[in-house]
Amino acid sequence: MNQKVENLKGKLIVSCQALPHEPLHSSFIMGRMALAAKEGGAKGIRANTKEDIKEIQSQVDLPIIGIVKRDYDDSKIYITPTMKEIDELMEVKPEIIAMDATISTRPGNKTLDKFFHEVKEKYPDQLFMADCSTVEEALHADELGFDFIGTTMVGYTEQSKGDKIEANDFEILRKILASAKHKVIAEGNINTPEKARRVIELGAYSVVVGSIITRPQLITKSFVEEMER
Ligand SMILES: CC(=O)N[C@H](C=O)[C@@H](O)[C@H](O)[C@H](O)COP(=O)(O)O
């Protein structure tokens, strides 16, 4: 594993993403967000689209977890669903590529196992991260040989509906850590410094924090909701 990726151990990765419908949707703005994250001590960035990644690479020399979010009519999966998105990302070569690794089928009714095999065959030297929603999915992705196992989709799928990453002292994460052979990255609703610290204490290789740092519309909403409850 290269030095840039080794530097992620025990450190914070900030997810700098804003979809077309979000106020901060702009590669320039995501580049500045990444610069701000670096100034704050982040050691990695998670980013969406080759355009945002290219701009972020021009602003900071930090390892990037790259994704392409794209909706397809015949699949629930929207995080790097097909080889088209993988190929786009390989044009800008993020250190790590993340993809949905839930039990849902990909577009064209393709299973994760088949897709991951095709991707590894085409890009054998690329590092990959599995965005999972359950312990079972995480351990299956570990078996398939993903370099990093993420909790990214916990609570966002039918099979994980209502699950909370921090419940019972991060029980889902602890169960994954107890069995996974590959590095585990805590991601998804890690929304306080204390939670970020705790997941590293529990053994996560790294932790991704996004919305609570880079989505002002959601940060603002959390203040207004608390003030008005
Ligand atoms: C569910 C989904 O699509 N999650 C996405 C994965 O790339 C991002 O929108 C999240 O912001 C990221 O995972 C970080 O999580 P949080 O924003 O909760 O710190």
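Start by selecting Phe148. In this predicted model, Phe148 has 0% relative accessibility, so it counts as buried. The cut-off for buried is under 20%.

Add Tyr205 to the selection. Tyr205 is at 5% relative accessibility, so this residue counts as buried too. Phe148 and Tyr205 form an aromatic pair. Their ring centres lie 6.0 Å apart, with 50° between the planes, and the pair is tilted.

Now colour by secondary structure. Phe148 sits in strand S6, residues 148-150. Tyr205 sits in the loop between helix H8 (193-201) and strand S8 (206-209). The two are 57 residues apart, and the pair links distant parts of the chain.

Keep Tyr205 on screen and show Lys183. Where does Lys183 lie relative to the ring of Tyr205? Lys183 is over the face of the ring, at 5.2 Å from the ring centre.

Next, look at the other rings. How many aromatic pairs does the structure hold? There are three. Select Phe116 and Phe128. Their ring centres are 5.9 Å apart and their planes stand at 85°; angles over 60 degrees count as edge-to-face, so this pair is edge-to-face. Phe116 belongs to helix H5 (residues 112-122) and Phe128 to strand S5 (residues 127-131), so the pair ties together parts that are 12 residues apart in sequence. Both Phe116 and Phe128 are buried. Add Phe146 to complete the cluster: ring pairs link Phe116, Phe128 and Phe146.

Switch to a surface view for the pockets. The largest pocket has a volume of about 680 Å³, and 28 residues line it. To centre the view, select Tyr156, Gly188, Asn189, Ser211 and Arg215, which lie nearest the pocket centre. Then show S8, helix H9 (211-214) and helix H10 (216-228); each supplies at least two residues of this lining. Which element gives the most to the lining of the largest pocket? H10 does, with four residues. Colour the lining by residue class: 12 are nonpolar, 11 polar and five charged.

Last stop: the second largest pocket, with a volume of about 180 Å³. Select its lining in three steps. Take Val154, Gly155 and Tyr156, among the lining residues. Add the run of Gly162, Asp163, Lys164, Ile165 and Glu166. Finish with Asn189, Asn191 and Lys195. By class, this lining divides into three nonpolar, four polar and four charged residues. Tyr156 and Asn189 deserve a second look: they line this pocket, and they are also among the residues nearest the centre of the largest pocket.

Conventions. Residues are numbered from 1 along each chain as its sequence is written. This is a predicted model: local features need pLDDT of at least 70, side-chain atom pairs count only at pLDDT 80 or more; totals for chains, interfaces and linings use all residues. Side-chain values use heavy atoms; hydrogens and water are left out. Rings of Phe, Tyr and Trp (its six-membered ring) pair if their centres lie within 6.5 Å; planes under 30 degrees apart count as stacked, over 60 as edge-to-face and the rest as tilted. Buried means under 20% relative accessible area, exposed over 50%, partly exposed in between (1.4 Å probe, protein chains only). A charge sits over a ring if NZ of Lys or CZ of Arg is within 6 Å of the ring centre and within 35 degrees of the ring normal. On a 1 Å grid over the protein atoms alone, a cavity is a set of points where a 1.4 Å probe fits but cannot get out, and a pocket is an open set with protein on both sides within 12 Å along at least five of seven lines; lining residues have an atom within 4 Å of a point. Grid points are joined across faces, edges and corners, and a volume is the space filled by probe spheres set on the points. Ala, Val, Leu, Ile, Met, Phe, Trp, Tyr, Cys and Pro count as nonpolar, Asp, Glu, Lys and Arg as charged, and the others, Gly among them, as polar.
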